[in-house]
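User: I'm new to this one, so could you walk me through it?
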Amino acid sequence: MAGRRHVHRSNRRRAQQLPLDTARQCFTWLVTGPAPLSVDGREFSGLPNRLVPLDELRGRMLRRRCPRRTRDAVWAHLVQRSRDEGATWTLACTGMALPALASTSRWLAARYPGDAFDVHAEVLSGFLSALADIDLCRPRVLVRLRWAAYRAGHTALAEALNAPTPVASGFHSSPPRPPWGHPDLVLAQAVRQSVLTRTEADLIGATRLEESPITGWAVANRTTTDAAYKARQRAERRLVAFIRDQVRDTDPDDPVAASMLADPGPPARQLLTGPSRSVTDSPDRTEEKSLGPLSNSRSETGLLGCGGSSAAASPRQSSEVPRCV
């Protein structure tokens with residue numbers, strides 16, 4: 001009887017819309033009709049001198065040529081209106097961030113052993129919580145909101161992966177527990193265990209994984225390029241030691257752990273080398289890569305194909321937060 005109730009509950013949950021699908025529909029209603037929800041473009045450099053509907057505004061802010069100062073100013077304005085006026089503008093912020101939230105949810109849902117609905121809900125909850133207290137005076141407002149959403153979803157993922165899993169007899173080994181997996185998981189784990197500060201994780205993530213020039217990161221964070229290089233070098237040394245300690249803590253008789261100790265694998269190597277050859281390389285010389293399509297508009301797969309009954313997402317994901325942020 002208990003098993004039947006569980007199956008019934010799972011089937012009912014699958015029949016429900018995912019939280020981000022609901023947010024997308026509500027955002028569409030806000031920008032549809034003769035008086036769509038808009039912002040005054042005259043208040044922001046780089047926007048037209050007229051009322052700009054939010055769906056048009058989102059498209060403009062996703063363009064690579066959109067100045068970072070414009071994006072930060074618009075996002076500070078949207079978040080402040082959410083705090084001052086509540087529901088409508090909170091939904092507006094969610095709709096404006098949907099490309100970033102969808103990318104994050106898609107990656108987490110593909111690895112979540114439970115119902116995709118739960119991890120989507122955690123991502124959305126983390127984003128909404130950050131709207132209330134994120135510092136609007138610092139740059140990269142949307143990126144920090146996305147990290148808050150990611151951390152909430154990752155916490156749910158980590159709890160699900162750490163739960164006991166039935167194992168058939170005859171099998172001895174299983175892959176090591178996190179941080180092995182996507183490099184972002186390694187950085188998040190290192191921050192939670194105080195191996196790295198959030199600033200150091202952002203530095204490594206931006207300049208190693210997102211291929212942003214370290215000079216640009218230094219300017220955005222009001223420091224010198226030399227200081228950024230030294231900070232990254234010190235942080236990466238601690239990160240190397242942390243990764244190796246994580247492997248040594250596993251069962252010494254486990255052949256999988258032994259092989260990981262000998263060769264950390266692509267995710268760890270990607271963190272430790274990034275676009276250059278070693279953690280002590282000279283300044284990065286990376287070429288900008290053209291971005292592919294920003295979203296998958298197929299409606300039959302749920303919000304951008306996040307979770308649900310569609311096939312697993314491709315390993316290559318297209319973040320809809322411009323890499324230049």
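User: What share of the 325 residues in the chain is buried?

Analyst: First, some ground rules: this is a predicted model, where local features need pLDDT of at least 70, side-chain atom pairs count only at pLDDT 80 or more, and totals for chains, interfaces and linings use all residues. Residues are numbered from 1 along each chain as its sequence is written, and side-chain values use heavy atoms, with hydrogens and water left out. Buried here means under 20% relative accessible area, with a 1.4 Å probe and protein chains only. On that basis, the buried share of the 325 residues is 42%.

User: Which helix gives the most residues to the largest nonpolar core?

Analyst: A nonpolar core is a set of buried Ala, Val, Leu, Ile, Met, Phe, Trp, Tyr and Cys residues joined through side-chain atoms within 4.5 Å. The largest one here has 48 residues, and L54, L57, W75, L78 and L145 have the most contacts inside it. Elements giving it two or more residues include helix 3 (54–61) and helix 4 (68–85). The top giver, with eight residues, is helix 8.

User: Which residues does L78 touch, leaving aside its neighbours within four places in sequence?

Analyst: Contact means heavy atoms within 4.5 Å. L78 is among the residues with the most contacts inside the largest core. Its partners beyond those neighbours are V39, L54, W89, C93 and M96.

Methods:
Buried < 20%, exposed > 50% of the residue type's maximum accessible area, 1.4 Å probe, protein only. Helix = DSSP H or I, 4+ residues; strand = E, 2+ residues; numbered from the N terminus.
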